[in-house]
Amino acid sequence: MTSTGSQQLRVGLFGAGVVGSGVVEIVQKYTANGRFAALGIDVQIVKIFVRDVSKPRDFVMPPGATMLAGDIDAVLQDESINCVIEVMGGVDTARDVVCGAIRAHKHVITANKALLAAHLAEIEALLAAHPSVSFRFEAAVCGGVPLIQTLQQSFVADRVEGFRGILNGTTNFILSTMAARPAAAYGDVLGEAQRLGFAEADPSADVDGHDVHAKLVLCVRLALGYRFAADERPPRYGIAQVTQADLAYGRDRLRATVKLLGACARLPAHCSGDADADVFTAHVAPAFVPLDSAWARVEGPGNAVQLRSAHLADGLWLGGPGAGRLPTANAVL
């Protein structure tokens, strides 16, 4: 099939880091091998917005594309662009990009869980006012694991009762490495994670639980239909205080290991004193999991989620790579 008659997506890409470079690589690969043409689409990256155009990039610029910095309106006001992909991170500028794109009637894809946790209500209101705009955010949670699509589409005739998951690859790498090497201290393993690219230079968003917290807030909205107020957030604990003594106690006394879990569950109505209330609990915290469980076998930067529903009492398990250039870029596309 040729591109004649194909649906055209002219893309403005915000961010050319790990995920953005993966998006460029996959787009060029699937354009060259005819995969997009076979699907009836013609994807062209027209402009790439970055914070520093002088920074070296590890990809070849797409034919005809330009790289720019400075004014986001150079992309948002380009009428030839009908799709914006936001993978730049942060919240404030990303909010301007996403909201500006919706107002300009451009389809939007984002991988930004912090943005969604903070501003989903505003974005939903804009989408209601611009019904022709498609908005996708599969890559915002669990990288290459299709959790968002599952929550949005697979439980239409069901009711999610709860979920728990390993939602952060950095912390899972640190904890699984410490468990495998009992002589390795937390600080040493964190340094190794940073050298391997699994942890940022400032790892606080991951190790203090902020990343999982933002993902949990978003997933509670999708799974349980509850929107947290700005001053109302689930309890959050990270892994910076986890020691080899904790892991040894779990291993020797409990036959367990430690994982950082984000979890929520509906509770019986009598827990609130209101028979008609829909109440639940949610939190982010390190937890002991049995050594013979599926949780203990999630190693390295892997992610995993277990969903329970009215019709799936035994749970639905999703797992796979939770981060990385190509798994996350694949979820974007």
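In this predicted model, the side chains of Arg-95 and Asp-96 meet in a salt bridge, with N and O separated by 4.0 Å. Arg-95 has a relative accessible area of 28% and is therefore partly exposed. Asp-96 is likewise described as partly exposed, at 41% relative accessibility.

Arg-95 also forms a salt bridge with Glu-122, where the closest N and O atoms are 2.9 Å apart. Glu-122 belongs to helix H5 (residues 113-129) and Arg-95 to helix H4 (residues 92-103), so this pair ties together parts that are 27 residues apart in sequence. With a relative accessibility of 24%, Glu-122 counts as partly exposed.

A further salt bridge links Arg-251 and Asp-252, whose closest N and O atoms are 4.0 Å apart. Arg-251 is partly exposed, its relative accessible area being 27%. Asp-252, by contrast, counts as exposed because its relative accessibility is 57%, and the cut-off for that class is over 50%. Elsewhere, salt bridges that share partners join Glu-25, Asp-58 and Arg-325 into one network. The count of salt bridges comes to 12. The table lists the pairs described individually above.

| Salt bridge | Closest N to O distance |
|---|---|
| Arg-95 and Asp-96 | 4.0 Å |
| Glu-122 and Arg-95 | 2.9 Å |
| Arg-251 and Asp-252 | 4.0 Å |

The packing of helices is considered next. Helix H1 (residues 18-32) packs with helix H12 (residues 325-332) at an angle of about 65 degrees, and their axes are 8 Å apart. That angle makes H1 roughly perpendicular to H12, since the range for this description is 65 to 115 degrees. The crossing of H1 and H12 is right-handed.

Helix H7 (residues 169-180) and helix H8 (residues 186-196) form another packed pair, with an angle of about 130 degrees and axes 9 Å apart. H7 is therefore oblique to H8. This crossing of H7 and H8 is right-handed.

The surface of the model includes a nonpolar patch formed by Tyr-249, Leu-254 and Phe-288. Together, these residues have about 290 Å² of accessible area. Phe-288 is found in strand S9, which spans residues 279-290. The relative accessible area of Phe-288 is 39%, so this residue is partly exposed.

Arg-51 occupies a place in the loop between strand S2 (41-49) and strand S3 (66-68). Its relative accessible area is 59%, and Arg-51 is therefore exposed. Arg-51 and Met-88 are 37 residues apart in sequence, while their C-alpha atoms are 8.9 Å apart in space.

Several of these features can be drawn together by residue and element. Arg-95 takes part in salt bridges with Asp-96 and with Glu-122. The Glu-122 pair connects helix H5 with helix H4. As for accessibility, Phe-288 in the nonpolar patch is partly exposed, whereas Arg-51 in its loop is exposed.

Technical notes. Residues are numbered from 1 along each chain as its sequence is written. This is a predicted model: local features need pLDDT of at least 70, side-chain atom pairs count only at pLDDT 80 or more; totals for chains, interfaces and linings use all residues. Side-chain values use heavy atoms; hydrogens and water are left out. Patches are made of residues with over 30% relative accessible area and no salt bridge: like charges are joined within 9 Å, nonpolar side chains (Val, Leu, Ile, Met, Phe, Trp, Tyr) within 5 Å. Accessible areas come from the Shrake-Rupley method with a 1.4 Å probe; for residues, only the protein chains shown count as cover. Helices (H or I, at least four residues) and strands (E, at least two) are DSSP runs, numbered from the N terminus. Buried means under 20% relative accessible area, exposed over 50%, partly exposed in between (1.4 Å probe, protein chains only). Axes are lines fitted to C-alpha atoms, for helices over the stretch in contact, and angles run from 0 to 180 degrees between N-to-C directions. Angles under 35 degrees count as roughly parallel, over 145 as roughly antiparallel, 65 to 115 as roughly perpendicular and the rest as oblique. A crossing is left-handed if the near helix is turned anticlockwise from the far one by less than a right angle, and right-handed if clockwise.
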